[in-house]
Structures are given as structure tokens and as C-alpha cells.
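Notebook open, model on screen. I want to see what sits in the core and how the strands are arranged.

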Amino acid sequence: MAELIDTLPGIDLPVGDVSRELSKMWDGHAENALTEFRASQMNLILHFGRKVDFEDAKERFEVAVRFAQRYPSRIIVLCPFIEEGQAMRAKLYSQCFIGDSHREMCCCEALMLGFTSEDNGYLFNQVSVWLESDLPTYHWFSEVHSNRIEKYFHNLLLKVNRIAYDSNIESEDYRNLNWPQPEKVVDLARARLLPIRQAIGQYLSGFDMRLLKSDLVSIEVQHISNRQGEAKHLMDWLVSCLGISDISKVERAIKKLTSTSEHPFRFELKYADGRFLKWESSSVTRISQIRHTLFGSEKQVAIRIKPLAPEQELSEVFYF
């Protein structure tokens, strides 16, 4: 049976040989050594769950590598085995990238570990050996069951700087976990909203806040199925930026759209006197539309919103 670690790039090595091979690779005395191009700033742990789709896992690994091109990192990829009872396995991946100026080079490394769910204690010990201990550590969960995460609270996650997950793909259980340090937990879905929040916030800032709040009776957010996390954060942001103190007076609703919807992500503000303000994204273009009747007659404004690249989302949650 194919395992997740088999689908990722790299050279198979005995687990105990990985650190030694890394030392050889960056040995400044070796011929053609690349030490001068290696300057890690952080450890990035990409932690997969057992049910992650192999293609999704490869795509997220590539995101981590692109992130490391901008923020040189030691990437540690944790790959649980589907079939239990196997001994730990390891892979080593390294690659150097030439910058835009063709005079810059960045080298990154990824250490991959295959393990069984019973390896909890060994997993912590092995990750500790591989970490660059003097650098900050960031942990990215990808479809790991919430019950498993709780078992990592007091070992694997004890000294990490931030913990990332994506509520577009993870269950609601992530929000309800009793994280020991919840201030360290960040959501990629919220970071993904940054261009939308900036564009809409800039437009709304041109209105008197009293006009936007007066007689507001409902806020409705609609989304396709793979944007449920963003929808919840968008609702929270709208409530916050409108300064609604008594939320019981404003009806809130988040509704799911079909995947073929022409406007896959949108919201609407409704007022007691029939006025409205609507924002709609497009499934075919980066141009979204705001329509409103705040002054009586309907007005329509086009807004161009450039989404963040996935590696930019990572930098947003880790550094900002």
C-alpha cells in the first residue's frame, strides 16, 4: 500500500542518518558546498493527518517550499502511516533556487518522517532532534484529527511560536479545542480574507458610520462549500468593523451556495427601511461588485481584489 511519504519528493534514508547527511550537505569544507546560501530563519513543521488526500498533501508541501524560498526555513514534514505497525521512515529533500536578479540564491531543506499513530513519544523526540533549536518553530496542521492534536499539547506543541490550520478544510472541532495558549493559534482562512477586508474596508470608510449602522436589521454571508471558514471570519469582521455592540438586534445568517454559483462568496446588509448594501465576488474574474441603495437610488461600484498566494497566507499568519 502506498503511503503519504512515498508520494513526496526526496531521498529515502534511515531515520538516524538524516542529521549526518544534512551535515555533509552543508559542510563548508566540501567541494561545491552551498553553506553560504543556507541561512534558515525558522523551523516549519507541516503535520499531515492520516486521511489527507495525497494530491492535496503534495500541493501543500509545494506551498511550504515556496514559502521557504522567501523565508529560509528548515521544513519538517510529518506523514502518518495509513497501515499501522510500520517502523519509522525518513526522507531528505533539498533544493536551491535562483532569485529574480539571478545573483541571489536560496537553499531549502525538507526532512520527512513517516510514523504510526502509536509513535507519539518517539515522534516528539525525533522532531526535537531535527529542529534547529536556536530558531523559532511554526506548526502547520493539515487534516489532523482534533483528538490527536490534544495529545500533542504538552510535548510537540509546547514551545512552538505559532500554530496554523485552515478552517476551510478542518472541522469545527479545531475552534472548540481547549488550546493551552490560544493566542498562538492562527487560521489561514482569516489570512485569506485580508485583500477582501482591505478593499471593502477602504470603500466603507468613505461612509458615515451612523449611516451604515442606523436601522441595520440583518447581515447575511453566503459561500460555496470550501469557503466556510472564510465566511465565519467575514461575518465576525463585518460585526466588528460596523461597531455593532448589541448583536441581538441584528439578525446574522451564514448560508451555503452551490459550487456552480456565479458569485461564490458574498454578503448583504439589509435595513429596516428597505435599503441594502451588497458585495459579490465573481467565479471568473478578480473584479467584484458592491451595490447599495444607502442614498435612495441604486449605485454599483467595481472593486478589483487580488488574492494572496498560498505562501503569502502562511507569512501572514506566522509573522503578522
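Started with the largest nonpolar core, keeping in mind that this is a predicted model. The core holds 34 residues, and I listed those that touch the most other members: Leu 44, Phe 48, Phe 61, Val 77, Met 112, Trp 140 and Phe 318. Then I checked which element gives the most to this core: helix H3, residues 54-70, with 7 residues.

Picked Met 112 for a closer look. Leaving aside residues up to four places away in sequence, I find Met 112 touching Ile 5, Leu 8, Pro 9, Phe 61, Val 77, Arg 89, Ala 90, Lys 91, Tyr 93 and Trp 130. Phe 61 and Val 77 are also on my list for the core.

Next, a second core, separate from the one above, with 31 residues. Among them I noted Ile 200, Val 221, Trp 237 and Ile 290.

Moved on to the sheet. What is the order of its 6 strands? I read E10-E9-E11-E12-E13-E14, in an open sheet with mixed pairing. Strands E10 (251-256) and E14 (299-304) each have a single partner strand, so one side of each has no neighbour in the sheet. From one strand to the next, the twist averages 10°.

Looked at one pair in detail. Strand E9 (residues 216-223) and strand E11 (residues 265-271) run antiparallel and are joined by 7 bridges. One entry for the margin: Glu 220 has Glu 268 in E11 as its bridge partner.

Last, what packs on the sheet? Helix H10, residues 228-241, does, and I see contacts with E9, E10 and E11. The direction of H10 makes about 160° with that of E9.

Notes: Residues numbered from 1 in each chain as written. Predicted model: local features only at pLDDT ≥ 70, side-chain atom pairs only at ≥ 80, totals over all residues. Heavy atoms only, no water. Core = buried A, V, L, I, M, F, W, Y, C linked by side-chain atoms within 4.5 Å. Buried < 20%, exposed > 50% of the residue type's maximum accessible area, 1.4 Å probe, protein only. Helix = DSSP H or I, 4+ residues; strand = E, 2+ residues; numbered from the N terminus. Contact = heavy atoms within 4.5 Å. Pairing = 2+ DSSP bridges. Axes fitted to C-alpha atoms, helices over the stretch in contact; angles between N-to-C directions.
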